[in-house]
Amino acid sequence: MSVAAQAAGPWQAAAGDARAASARATAVDLLSRLRDPDTAEAAGRAGARDGRPRWTPYSTAQGTCGLALAFGHLDRCLPGEGWDLVAHRHLARAVDQTTRDPVAGLGLFAGLAGMAFTTAYLANGQRRYRSLLEDIDDNLYARIPQQLPVVDGHGLAVGTFDLVSGWTGVAAHLLSRPPGPDRDRTLGALLSRLVDLCRPCRDPAGIPAWHTPHALIADEGMRLRYPVAVANCGLAHGITGPLALLAVAHADGPAVPGHTEAIRRAASWLAAQHVDSAHGGGYPSAVACPPAVRNPPAVRSSPLVPPGEQAPAPSPARDAWCYGSPGVARALWLAGTALGDSGLTDAATAAVRAVLARPVAWRRIDSPGFCHGIAGLLQVTLRFAADTGDEEIGAGARRLIDQLLGEYRPQSPFGYRSVEPDGTRADRVGLLEGTAGIALALLAAANPEPPAWDRFFLLS
C-alpha cells in the first residue's frame with residue numbers, strides 16, 4: 001500500500017461550522033439553479049459563444065454530463081433529498097444527445113471516457129446503469145487499441161497523451177472501474193504507453209520523449225513562442241498528467257514493467273523545472289526544446305534553432321490547476337507518496353506553501369472557476385491540507401474558501417460570473433470553468449463526504 005493510502009483517513013471538511021454552512025448553502029443554491037436540464041443547457045450554450053468551447057451535452061467538462069456528475073456528488077453529500085433523480089435526468093439528456101450526435105472522441109473531458117466516468121460515479125458501486133456502463137466500456141475497449149501510436153522519440157501532440165483528450169484521461173477512468181480481463185488488458189496497454197513516454201532521453205540535447213515538435217503544437221500562442229519544440233508542464237496538457245496517473249496506478253505496486261522508473265524519471269525532470277522569482281518561484285507552463293537560456297549568445301551553433309529565433313526562458317505560470325505550481329505540486333506529491341520519496345513530497349508541499357504565501361494578485365487567477373481559477377486552487381489546497389495536516393496549508397484553504405464565497409453574486413443568473421481573457425464577465429455553468437465546478441469545490445470544503453469526483457482532475 002502506498003504512503004498516501006496509509007496516511008489517508010476520513011475526509012475532514014476544512015471549513016469551520018459557520019464557514020461550512022455558508023459554503024454548503026452556496027453550493028446547493030448554485031446547483032439548484034441548474035436542476036432543470038433545459039435551463040442548464042440553454043445557459044451552457046449561451047455561455048459558450050464568442051469562440052469558447054461549445055456546449056456539448058455528452059461532455060463532462062463542458063456539458064450536461066458534467067452537471068450530472070455534480071448532482072451525483074450532491075446526492076452523496078445530502079442523500080434522500082432527490083438529487084439522484086436530478087443527476088439521472090441530466091445523464092439521460094446527455095445519453096439521448098448521442099443518438100443524434102455520436103461521440104467521436106475517447107477522451108475524459110469531452111468523450112466516451114468522461115461519460116463512463118460520470119455514469120460509474122452515479123452508479124456508486126451499485127447495479128444502476130449497468131447496461132449503459134457495459135456498452136460504453138465495451139466501446140472503449142474496442143477502440144482504444146486503434147489509438148495507441150508507438151512512442152518513437154520524435155514527439156507527440158499533447159492531445160495524444162494528456163489528461164484532457166489523451167491516454168492519461170482514459171486511464172484515469174479505467175482506474176476507477178473494477179478489475180476484469182478487458183479492463184486490465186486495456187489499462188495495462190495505456191500504462192505501458194505512458195511508461196514509454198517517460199523513457200530516458202535518447203536525444204543528445206536532452207529533449208524528452210513527450211516533447212511536441214513545432215508542427216504539432218495546437219495552441220497558436222505557444223506555437224509562436226516556441227520555434228522548434230516544447231515540453232508542456234501543465235497538469236491539463238503536459239507530462240504532469242501522466243506522472244500523476246502513473247503515481248495513482250502505482251498505489252499497490254508497479255502495474256507494468258518500468259512503472260517505478262518512469263515515475264521517478266518524470267518526477268525528477270518536472271521537479272528540476274522549478275523557476276525562482278521575486279514572488280516565491282514556481283513551475284512554468286512549458287519549457288523550450290532544446291532548453292532556452294536567459295541570456296542567449298548573439299551567435300548560436302545549434303542547428304536545431306533557426307537563426308534569429310529564440311524561445312523564451314521559462315518563468316513561473318499562474319497558480320492554477322491547469323498550469324502552474326498547484327497542479328505540478330499535486331503530481332509531485334502523488335509521485336512522492338507512491339515511491340516513498342520525502343524529497344518529492346517536501347518539494348510539493350513547499351510549492352503549495354509558496355502559492356498560499358503570495359498576495360492574491362500575484363497568483364494571477366481572477367476567475368472563480370476550476371480550470372484556471374480559485375475553485376481549482378482551493379481543491380488542490382484541500383487535498384494537501386487533508387494529506388499533510390499542515391496548519392499553514394489549512395489556514396490557506398480557509399482563506400480561499402472566504403475568497404471564493406466573496407465572489408458569490410446571488411443576484412446574477414447562476415451565482416458566479418467567469419472572468420474572460422479580455423477581462424469581461426460571462427455566465428458559465430459547466431464543470432471546468434463554471435458554477436458546477438465551483439459548487440463541487442465548496443462541497444469538498446464543507447462536507448465529510450470524500451470528494452472522489454476529483455479523480456477527474458487527477459487530484460486523487
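These are my notebook entries on a predicted model of a single chain, one topic at a time.

**Entry 1: the chain as a whole**

I began with the overall picture and found 19 helices and 5 strands in the chain. The radius of gyration came out at 21 Å, close to the 23 Å that the globule rule gives for 460 residues, so the chain is as compact as a globular protein of that length. Along the principal axes, the C-alpha atoms fill a box of roughly 65 × 50 × 45 Å.

Next I looked up burial, and 57% of the 460 residues are buried. The chain exposes about 18,300 Å², and carbon and sulfur atoms supply 53% of that area. I also checked how far contacts reach along the sequence: among those between residues at least 6 apart, 68% join residues at least 24 apart.

**Entry 2: helix α2**

I picked α2 (residues 17-32) for a length check. At 1.5 Å a residue, its 16 residues should span 22 Å, and its end C-alpha atoms are 22 Å apart, which agrees.

Which residues of α2 are buried? I noted Ala20, Ala23, Thr26, Ala27, Leu30 and Leu31. They cover an arc of only 130° around the axis, which puts them on the same side of α2. On the other side I found Asp17 and Ala18 exposed. I then asked what the buried residues of α2 pack against. Their partners are α4 (64-77), α18 (391-406) and α19 (435-446).

**Entry 3: over to α18**

From α2 I moved on to α18, where I stopped at Ala397. Its relative accessible area is 0%, so I logged Ala397 as buried. Leaving aside residues up to four places away in sequence, Ala397 touches Ala14, Leu378, Thr381 and Leu382. The Ala14 contact caught my eye: Ala397 and Ala14 are 383 residues apart along the chain, yet their C-alpha atoms are separated by 7.0 Å.

I also found a salt bridge between the side chains of Arg19 and Asp402, at 2.8 Å from N to O. This pair links distant parts of the chain, with Arg19 in helix α2 and Asp402 in helix α18, 383 residues apart. Arg19 is partly exposed at a relative accessible area of 25%, and Asp402 is partly exposed at 39%.

**Entry 4: other salt bridges**

A reminder to myself: side chains of opposite charge can pair when their charged atoms come close. I then took the count for the model, which is 23 salt bridges.

I looked at Asp96 and Arg100, whose closest N and O atoms are 2.9 Å apart in a salt bridge. Asp96 counts as partly exposed at 38% relative accessibility, while Arg100 counts as exposed at 54%.

Are Asp454 and Arg383 buried or exposed? I found both of them buried. Their side chains meet in a salt bridge at 2.8 Å, N to O. Asp454 lies in the segment after α19 and Arg383 in helix α17 (residues 374-388), so the pair ties together parts that are 71 residues apart in sequence.

I closed this page with a network of salt bridges that links Asp38, Glu41, Arg45 and Arg93.

**Entry 5: helix α9**

How many of the residues of helix α9 (residues 167-175) are buried? The tally is 9 of the 9, so α9 is largely enclosed by the rest of the structure. Among them I listed Trp167, His173 and Leu175. I looked up what covers these buried residues, and the cover includes α6 (112-123), α7 (130-143), α8 (158-161), α10 (181-197) and α12 (240-249).

**Entry 6: backbone oddities**

Most residues other than glycine have a negative phi, and most peptide bonds are trans. With that in mind, I went looking for exceptions.

In the loop between α6 and α7 I found Asn124, which has a positive phi of about 55° although it is not a glycine. Asn124 is partly exposed, with a relative accessible area of 39%. Tyr129 also has its place in the loop between α6 and α7, and its phi is positive too, near 65°. Tyr129 counts as buried at 18% relative accessibility, because the cut-off for buried is under 20%.

Where is Pro290? I placed Pro290 in the loop between β3 (286-289) and α14 (325-339). A cis peptide bond joins Cys289 and Pro290, with omega about -5°.

Methods:
Residues are numbered from 1 along each chain as its sequence is written. This is a predicted model: local features need pLDDT of at least 70, side-chain atom pairs count only at pLDDT 80 or more; totals for chains, interfaces and linings use all residues. Side-chain values use heavy atoms; hydrogens and water are left out. Helices (H or I, at least four residues) and strands (E, at least two) are DSSP runs, numbered from the N terminus. The expected span of a helix is 1.5 Å times one less than its number of residues. Buried means under 20% relative accessible area, exposed over 50%, partly exposed in between (1.4 Å probe, protein chains only). The arc is that of the directions from the helix axis to the C-beta atoms. Contact means heavy atoms within 4.5 Å. The radius of gyration is taken over C-alpha atoms; the globule rule is 2.2 Å times the number of residues to the power 0.38. Accessible areas come from the Shrake-Rupley method with a 1.4 Å probe; for residues, only the protein chains shown count as cover. A salt bridge is a side-chain nitrogen of Lys or Arg within 4 Å of a carboxyl oxygen of Asp or Glu.
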